[in-house]
Amino acid sequence: MAITYHAGRRIQGTSIDFNTTGLKAYWKMNEASGNLLNTASAQGSDSTMSADLVSSGTVNRGRTGHVSGVDCIGFPTYDADGNKVTANNSASDYGFMNKAGCKFTACWWASILEHGTYQTADLWGFGGNGGGNDIQFRYLNNDRFTIWLAGTEYTSFTQSVGDSNWHFYMLSWDEDGGSNNAQFQLDGTKQTATVTTTNTSDSSNPLTIGDVTGNEPQMDIQEFSLWNRVLTDDEIALIYNSGNGAELQNTSLTGSKPTNVQVGSRLEETDTRKIYYKDDISYKELDGADATNYTSESWYEQLSGETP
């Protein structure tokens with residue numbers, strides 16, 4: 001996204017200063033062909049890994065996603081055994097997810113169209129069927145997920161996603177974070193658990209989305225972000241965006257720019273911050289209706305059309 005500033009005009013938009021520190025991978029999944037690219041580095045991440053997703057089996061491209069303006073991929077058949085996308089980096093790169101002291105957050109949007117009745121179906125993960133160094137997120141039955149966290153299977157995270165609607169998922173684990181160190185959010189509602197591990201071994205393979213262990217759901221998926229830290233509730237709320245979703249987007253600013261606007265800010269439709277400027281020289285910023293920090297209220301009123 002590019003924002004161009006012009007003299008004497010008012011810009012009203014959303015401005016979210018999202019911290020992309022620790023963003024290891026960001027797969028938008030909107031490529032029409034070829035590999036699905038990890039675009040974390042384009043978002044200013046300090047720790048991205050080289051990990052594009054390679055398709056195998058049948059993976060539909062260009063499907064309409066939930067997040068506005070972003071296409072998604074889809075796996076067309078439940079339990080087809082082989083429909084997946086797999087990261088092309090080393091399994092050793094995922095120690096931040098499965099070893100003692102690990103920290104990670106994964107966020108994604110998915111629409112599960114068919115999963116079987118009381119049948120386990122893979123959404124994503126790496127490893128085998130629940131080994132001590134595996135991370136897996138799986139649909140368990142009509143009201144539960146099963147999640148493997150490096151030797152522990154946790155099956156008490158409840159869900160109601162068998163409706164073919166788009167849902168927002170977040171899974172985080174702070175292995176040495178004490179009580180309630182594993183957190184799961186479904187559409188903004190948080191559940192917690194306490195899970196630990198003593199694992200020090202690498203996984204047997206890198207991350208796969210779709211068929212990890214032999215049975216994937218029929219589903220559409222997009223906007224998968226993977227972090228080597230635990231995101232705050234506020235950061236997760238920005239990605240969830242009241243159910244609308246939001247891209248992690250590096251906004252480029254062209255023209256004469258206010259010095260108080262951070263390059264890399266995400267523009268959102270729902271934010272209330274207003275940026276006013278005049279003649280490409282003077283810049284002011286108003287948060288809500290608070291004008292107490294302005295030295296010239298008449299200047300503010302002239303640009304905003306509002307009385308301070």
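Let me begin with a hairpin: in this predicted model, strand 14 and strand 15 are joined with two residues between them. In the turn, D187 has a positive phi of about 55 degrees. The two strands, residues 182-186 and residues 189-193, run antiparallel and are joined by five bridges. Within that pairing, F184 of the hairpin stands opposite Q191 in strand 15.

I turn now to the chain as a whole. The secondary structure consists of three helices and 20 strands. Of the 308 residues in the chain, 50% are buried. Taking contacts with a separation of 6 or more, residues 24 or more positions apart account for 65% of them. The exposed surface of the chain comes to about 12,900 Å², and carbon and sulfur atoms supply 41% of that area.

Next, the interior. In soluble globular proteins, nonpolar side chains tend to be buried together. Here the largest nonpolar core has 48 residues. The members that touch the most other members are Y94, W108, W124, F137, Y169, I209 and I221. Which strand gives the most to this core? That is strand 8, residues 103-114, with five residues.

Let us look at Y94 in more detail. Once its neighbours within four places in sequence are left aside, Y94 is in contact with M49, A51, A87, N89, F126, P206, L207 and L226.

Finally, there is a second core, separate from the one just described, with 18 residues. Among its members are F18, L23, V67 and M170.

Key. Residues are numbered from 1 along each chain as its sequence is written. This is a predicted model: local features need pLDDT of at least 70, side-chain atom pairs count only at pLDDT 80 or more; totals for chains, interfaces and linings use all residues. Side-chain values use heavy atoms; hydrogens and water are left out. A nonpolar core is a set of buried Ala, Val, Leu, Ile, Met, Phe, Trp, Tyr and Cys residues joined through side-chain atoms within 4.5 Å. Buried means under 20% relative accessible area, exposed over 50%, partly exposed in between (1.4 Å probe, protein chains only). Helices (H or I, at least four residues) and strands (E, at least two) are DSSP runs, numbered from the N terminus. Contact means heavy atoms within 4.5 Å. Two strands pair if DSSP finds at least two bridges between them. Accessible areas come from the Shrake-Rupley method with a 1.4 Å probe; for residues, only the protein chains shown count as cover.
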